[in-house]
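Biologist: Please give me a close look at one part of this model. Start with the backbone and work outwards.

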Amino acid sequence: MPGAQARIGGRSKAWYGVTLRLSEQVRADWPAPIAARLPRLYERTERRLADWKGAALDEPTCPADVALAGLPSLTGQPFRIVPTAAFWHAGPSGPVWRAFSPIDEIDHPEVTIIEGRRVVEVEAARGDGLEVVSLDEVTGEPLRTTAHTVVLAAGTLETTRIFAQSMDRLGGVRAPAWPGLASKIKQGVLTRPAPWMLERYRSGDLAYLVAEHPQDNANLFLELRDDATGRPYVDLWWFAEQSATERATVTFTAEGAIWAGTVACEFGAVDRQLAAERAQLANRLLAEWGCQPADLGRDPHPGKASAQAVFDREAVHYRNPIGLSDHESGTIPLGEHLDDTGMSRTVEGLYVAGPAAFPRAGAANPSLTILALARLLAETISAPASRRAPHTPALSSFRSADERHQGSTHR
Ligand SMILES: Cc1cc2nc3c(=O)[nH]c(=O)nc-3n(C[C@H](O)[C@H](O)[C@H](O)COP(=O)(O)OP(=O)(O)OC[C@H]3O[C@@H](n4cnc5c(N)ncnc54)[C@H](O)[C@@H]3O)c2cc1C
């Protein structure tokens, strides 16, 4: 769990605050009861984020935002200001931001945050309920915490490991392979702005716009900002969903105290072809705007940082390696291992939150949907038990910690 993922608050301490909704086309592939509730959940979540920001999520931050909004993109969709749950302001070396983090809002006498522990698995408690086993990250000392409701929200890969390991222990379900791991495909072109773009641009600004292309399951972002030397540049970049046929599988060893996992992911032929087409579209648009397009005869640079290192006058094309965009999802989809509330179909009281539970991720950045689903989950588990849907099937294969420790081989 390196870097941003390992701290309290996770990647919400490092994200850019982009809050886009999943397209209707993608939501149609979600279980119908949840898809039907998403629009209302989005509205409420967006209102909450706008209250936190003290402004509309798509409030302009600079004159270039206004000048570029409404500009047609490729198939007629206009660019609009990117909705963000974030503040952007000028810093000594370019714009800096502060984005919303739910962890900043937790201030309740009944909430205790335990730091420096890694959750290993969930077991059955003596008697009734669940027991979360965690280890002190320095001493390895175990702690057992009992609860009737446990929500796993440890990032897609670690949530998958804890869930897989816990299902093995609790539900007698050994599943070493978890398919459906979806990544995002990010690619773009760095170039210099056309003179008309600069007319309403001031040094230190950041214009940030998006044109959604739901039919291609890809969003096109337009950034106009300064580079490290203070010269403005354009970054026209796509964020697309990895194709369904090319997703990866997480495979666990299914042995030891903490299962080791492996992800083998590759850029498949379908996504290569789509990426090539998207690069051409971006180039065509840049040419229409009077910006220099990139030479697509060369291999793309492996990421924006690498492209920036060589970018000066010549436009440069880049594409992130697959699996690096930090937007992984889809291994424990709602409706399969989980019911429509996010609860395990096998273990009562064990829930999964976060993008691991997305039935399909689409092109949109995930956090708005993560927050919307978290709201739904919070409502579900805080509802009086009498109003909750009955849990089926019953826990026939549920083993208590005592049984396991006595060497039960029930599986
Ligand atoms: C630089 C950057 C920019 C981004 N920008 C955007 C954006 O603009 N818009 C957007 O929608 N998304 C963005 N994302 C992606 C977004 O941040 C992630 O998709 C989202 O935070 C994932 O949420 P999560 O809860 O699944 O995991 P995380 O945010 O990674 O949180 C997981 C938490 O679980 C804890 N944890 C992990 N394992 C264990 C364990 N075994 N025991 C106990 N605790 C554990 C971690 O410490 C962490 O606190 C960005 C990501 C990055 C890195």
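Modeller: Gly172 takes a positive phi of about 65 degrees, just after helix α4. Helices (H or I, at least four residues) and strands (E, at least two) are DSSP runs, numbered from the N terminus. This is a predicted model: local features need pLDDT of at least 70, side-chain atom pairs count only at pLDDT 80 or more, and totals for chains, interfaces and linings use all residues. Residues are numbered from 1 along each chain as its sequence is written.

Helix α4 itself is largely enclosed by the rest of the structure, because 13 of its 16 residues are buried (20 or more other C-beta atoms within 10 Å of their own, with C-beta atoms placed from the backbone). Along with β4 (117-124) and α8 (367-382), α4 (156-171) supplies at least two residues of the shell around the ligand. That shell has 30 residues, each with its C-beta atom within 6 Å of the ligand. The closest are Gly10, Arg11, Val18, Asn365 and Ser367.

Now turn to the sheet. Its six strands run in the order β1-β10-β11-β12-β9-β15, and the sheet is open with antiparallel pairing. Two strands pair if DSSP finds at least two bridges between them. The edge strands, β1 (80-81) and β15 (316-319), each pair on one side only.

Look closely at β10. Eight of its eight residues, 206-213, are buried. On one side sit Leu206, Tyr208, Val210 and Glu212; on the other, Ala207, Leu209, Ala211 and His213. Two bridges tie β10 to β1, and Arg80 partners Val210. Eight bridges join β10 to β11. There, Tyr208 has Glu223 as its bridge partner. Four residues lie between these two strands in their hairpin, where Asn217 takes a positive phi near 50 degrees.

Further along the sheet, β9 (184-191) and β12 (232-241) run antiparallel, joined by eight bridges. One partnership there is Lys184 with Glu241.

Strand β10 also leads to the core. Ala207 touches Cys62, Ala64, Asp65, Leu68, Glu223 and Leu224, leaving aside residues up to four places away in sequence; touching needs C-beta atoms within 7 Å. The largest nonpolar core has 87 residues (buried Ala, Val, Leu, Ile, Met, Phe, Trp, Tyr and Cys joined through C-beta atoms within 7 Å). Ala207 and Leu209 are among those with the most contacts inside it. A second, separate core has seven residues, including Trp15 and Phe100.

Notes: A residue is buried if 20 or more other C-beta atoms lie within 10 Å of its own, exposed if 12 or fewer, and partly exposed in between; C-beta atoms are placed from the backbone. Two residues are in contact if their C-beta atoms, placed from the backbone, lie within 7 Å.
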